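Reader: I should be grateful for a close look at a single part of this model, with the packing and burial set out in order. Please give the cut-off behind each term as it arises.

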Amino acid sequence: MAKKKKKTPKKRSFWRVFGKVVLAIFILSILFPIAYRWINPPVTYLMLKRKVQGYPIEKKWKPIEEISPYMYRAAIASEDNYFMGHRGFDVIAIDQAVKERETRGRKRGASTISQQTAKNVFLWPKSSWIRKGFEVYYTFLIETFWGKERIMEVYLNVIEMGPGIYGAEAAAQHYFHCSAKSLNAHQAALITACYPSPLKRNPAKPSGYVSHQASVIQGRMAKYGTPKFTDEYIKGCRERYKKAVKKWEAKKKKQR
């Protein structure tokens, strides 16, 4: 009977080092989100990419207390209606996006504010299944370690709001010559209406389409009101989201 070949010391050494590297990367992938609960992310992949493309990096970090509530009201009204209630992923929005693609062949975004924040801070912008997998992972981590207030604060400080312009403070100063705290409802809605195409749209000189979208967002802002980042308020939002999901599930069953 032939004897089994023993692994050489070199092979054992390679796999030992490889295992340690993988473990170190995994630990760091958890430690960074934990650290960013208190430390503000200094730069993102997108900022560096735009810099290489010739754009400046205009940004000035502001705590959420120094950002107009209209900014996060507009973000919720436009990007993620159930932000305060879900735990990072909106199953209703995902289902609607799938339906849009199947029935109309049109791509519709279903990423929540939490997912967009995870992507902006930790990942790269180009969409792929690999990036989506990491996005799910990091979304879970920031929802676990940060909480809604910190997620919104980071979101409103890192997302691209114009050519080389990142965050509410830089956008407010660049477009309206005021601080992020001084932005009114209409200005916040105009900035938010430009999120999908920040390099092409200008909230200070809005096209007819941007003005229309801003009006729609402003109307939704009035509908959803001003969110509070208290445990009691978030608990209430989660209960309402659960009810919305149950209603959605019941509707789906009837359609089958």
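**Helix 9 and its surroundings**

Author: Helix 3 and helix 9 are oblique to each other, a class that takes in any angle outside the ranges called roughly parallel (under 35 degrees), roughly perpendicular (65 to 115) and roughly antiparallel (over 145). The angle at which these two helices pack is about 45 degrees, and their axes are 9 Å apart; an axis is a line fitted to C-alpha atoms over the stretch in contact, and angles run from 0 to 180 degrees between N-to-C directions. This is a predicted model, in which local features need pLDDT of at least 70 and side-chain atom pairs count only at pLDDT 80 or more, whereas totals for chains, interfaces and linings use all residues. Residues are numbered from 1 along each chain as its sequence is written, and side-chain values use heavy atoms, with hydrogens and water left out.

Helix 3 spans residues 69-79 and helix 9 spans residues 185-193; helices are DSSP runs of H or I with at least four residues, strands are runs of E with at least two, and both are numbered from the N terminus. The crossing of helix 3 and helix 9 is right-handed, that is, the near helix is turned clockwise from the far one by less than a right angle, anticlockwise being left-handed. On the side of helix 3, the contact involves Y70, M71, A74, A75 and S78, and on the side of helix 9 it involves A185, A188, A189, I191 and T192; contact means heavy atoms within 4.5 Å. By type, the residues of this contact comprise eight nonpolar, two polar and no charged, where Ala, Val, Leu, Ile, Met, Phe, Trp, Tyr, Cys and Pro are nonpolar, Asp, Glu, Lys and Arg are charged, and the others, Gly among them, are polar.

Helix 9 is largely enclosed by the rest of the structure, because eight of its nine residues are buried; buried means under 20% relative accessible area, exposed over 50% and partly exposed in between, with a 1.4 Å probe and protein chains only. Those buried residues are A185, Q187, A188, A189, L190, I191, T192 and A193. They pack against helix 3, strand 2, helix 8 and helix 10, the last of which covers residues 208-224. At the N-terminal end of helix 9, N184 acts as a cap: one of its side-chain oxygens is 3.1 Å from the backbone nitrogen of H186.

Helix 3 can also be followed through A77, which belongs to this helix. With 0% relative accessibility, A77 counts as buried. Its contacts, apart from neighbours within four places in sequence, are I217, R220, M221 and Y224. Although A77 and Y224 are 147 residues apart along the chain, their C-alpha atoms are separated by 7.1 Å.

Helix 8, residues 168-176, is one of the elements against which the buried residues of helix 9 pack, and helix 8 is itself mostly covered, with seven of its nine residues buried. The seven are A168, E169, A170, A171, A172, Y175 and F176. Among the elements covering them are strand 1 (58-59), helix 3, helix 7, strand 2 (160-162), strand 3 (165-166) and helix 9. Directly after helix 8 comes H177, in the loop between helix 8 and helix 9. H177 has a relative accessibility of 70% and therefore counts as exposed. Its phi is near 55 degrees, which is a positive value in a residue other than glycine. Most residues other than glycine have a negative phi.

Helix 7, which also helps to cover helix 8, comprises residues 148-158 and packs with helix 5 (residues 113-122) at an angle of about 55 degrees, the axes being 9 Å apart. Helix 5 and helix 7 are therefore oblique to each other, and their crossing is left-handed. Helix 5 contributes I113, S114, Q116, T117, N120 and V121 to this contact, while helix 7 contributes K148, I151, M152, V154, Y155 and V158. Seven of the contact residues are nonpolar, four are polar and one is charged.

Within helix 5, S114 has 0% relative accessibility and so counts as buried. Beyond its neighbours within four places in sequence, S114 is in contact with F83, H86, G88, T139, I142, E143, K148 and I151.

For contrast, I25 lies in helix 1 (residues 9-35) and counts as exposed because its relative accessibility is 53%. I25 and Y70 are 45 residues apart along the chain, and 38 Å separates their C-alpha atoms.

Note on methods:
A polar contact is a pair of N or O atoms within 3.5 Å; within protein, one must be able to donate a hydrogen and the other to accept it, and residues adjacent in sequence count only if both atoms are side-chain atoms.
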